[in-house]
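Here are a few exercises on charged pairs and one aromatic side chain, each with a worked solution. Have a look at the model first, then try each task before reading on.

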Amino acid sequence: MTSTFPNISISTERLVLRPLDEDDVSALAEMMNDEQVAAWTHVPQPFTEDGARTWITDHAPTEREAGRGLDLAVTEFLTQRLVGIVQLTKTNWYIRATELSYIIAPWARGEGYASEAALATAQWLFTDQKFERIELRTAADNTASQQVAQKIGCISEGVLRNACIARVRTEDDTWSDVRTDFIVWSLLPEDIEGSGEQLTDSDGFTSYGDWN
């Protein structure tokens with residue numbers, strides 16, 4: 001039987017990570033049309049509100065229910081504003097491993113939100129879900145994402161040569177694919193021992209059964 005992630009809300013000092021809902025459509029579409037998001041992800045460009053709605057109502061629930069992953073909205077605790085996304089993909093329930101990625105909106109960068117959200121997610125995976133490995137892949141030139149990986153304690157395991165497709169702006173203002181390397185990072189439970197105090201309380205997360 002396929003395992004699945006529960007509907008979950010994860011709280012940190014400044015953030016709440018929760019399932020995406022239809023109130024996020026406009027903010028999600030705006031965030032995904034950012035130049036940096038377009039350059040380092042495979043998100044269609046331009047990214048429409050219809051695309052955001054399909055992601056929220058179809059793609060995210062399907063991925064969770066099939067056991068492949070989990071999509072979480074990253075919101076500010078005080079304002080409830082959507083500031084990013086954390087995704088778990090390529091989940092292997094037998095070996096308890098998954099791939100983690102993150103996107104932060106341009107207006108929220110520089111605040112440490114990516115590392116705070118990623119660390120909280122990792123803490124939940126290792127303690128509540130009993131996972132044994134989290135993998136991150138960052139494009140060779142995506143230094144901001146690499147800094148997040150380092151900050152939360154990831155270990156660089158090597159380079160997958162020519163394994164990543166990034167995008168660059170062309171002279172006619174369209175996007176063109178370029179091939180580059182992936183840097184592979186891993187995070188194990190022992191890599192973040194002692195980081196629990198960065199969560200809001202001794203548990204650090206609360207699960208809800210009726211988000212959808």
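The exercises below go through salt bridges and then turn to a tryptophan.

Before you start, note that this is a predicted model, in which local features need pLDDT of at least 70 and side-chain atom pairs count only at pLDDT 80 or more, while totals for chains, interfaces and linings use all residues. Residues are numbered from 1 along each chain as its sequence is written, and side-chain values use heavy atoms, with hydrogens and water left out.

**Exercise 1.** Find how many salt bridges the model has, and work out which parts the pair glutamate 116 and arginine 14 ties together.

*Solution.* Start with the rule: a salt bridge is a side-chain nitrogen of Lys or Arg within 4 Å of a carboxyl oxygen of Asp or Glu. Counting this way gives 14 salt bridges. In one of them, glutamate 116 pairs with arginine 14, with 2.7 Å between the closest N and O atoms. Next, place the partners: glutamate 116 is in helix H4 (residues 113-127) and arginine 14 in the loop between strand S1 (8-11) and strand S2 (15-19), so the pair links parts 102 residues apart in sequence. Helices (H or I, at least four residues) and strands (E, at least two) are DSSP runs, numbered from the N terminus. Finally, check accessibility, where buried means under 20% relative accessible area, exposed over 50%, and partly exposed in between (1.4 Å probe, protein chains only). Glutamate 116 is buried at 15%, whereas arginine 14 is partly exposed at 30%.

**Exercise 2.** Describe the salt bridge between aspartate 34 and arginine 109.

*Solution.* The N to O distance is 2.7 Å. Aspartate 34 sits in the loop between helix H1 (25-32) and helix H2 (35-40), and arginine 109 in the loop between strand S5 (97-104) and H4, so this pair joins parts 75 residues apart in sequence. As for accessibility, aspartate 34 is buried at 15%, and arginine 109 is partly exposed at 34%.

**Exercise 3.** Which residues do salt bridges with shared partners join into one network?

*Solution.* Begin with a pair: glutamate 63 and arginine 68 meet in a salt bridge at 2.8 Å, N to O. Then turn to the network, which consists of Lys90, Glu99, Arg133, Glu135, Arg137 and Glu157.

**Exercise 4.** Is tryptophan 40 buried or partly exposed, and what is it in contact with beyond its neighbours within four places in sequence?

*Solution.* Tryptophan 40 belongs to helix H2. Its relative accessibility is 29%, so it counts as partly exposed. Setting aside neighbours within four places in sequence, tryptophan 40 has contacts (heavy atoms within 4.5 Å) with Ala139, Asp141, Asn142 and Ala166.
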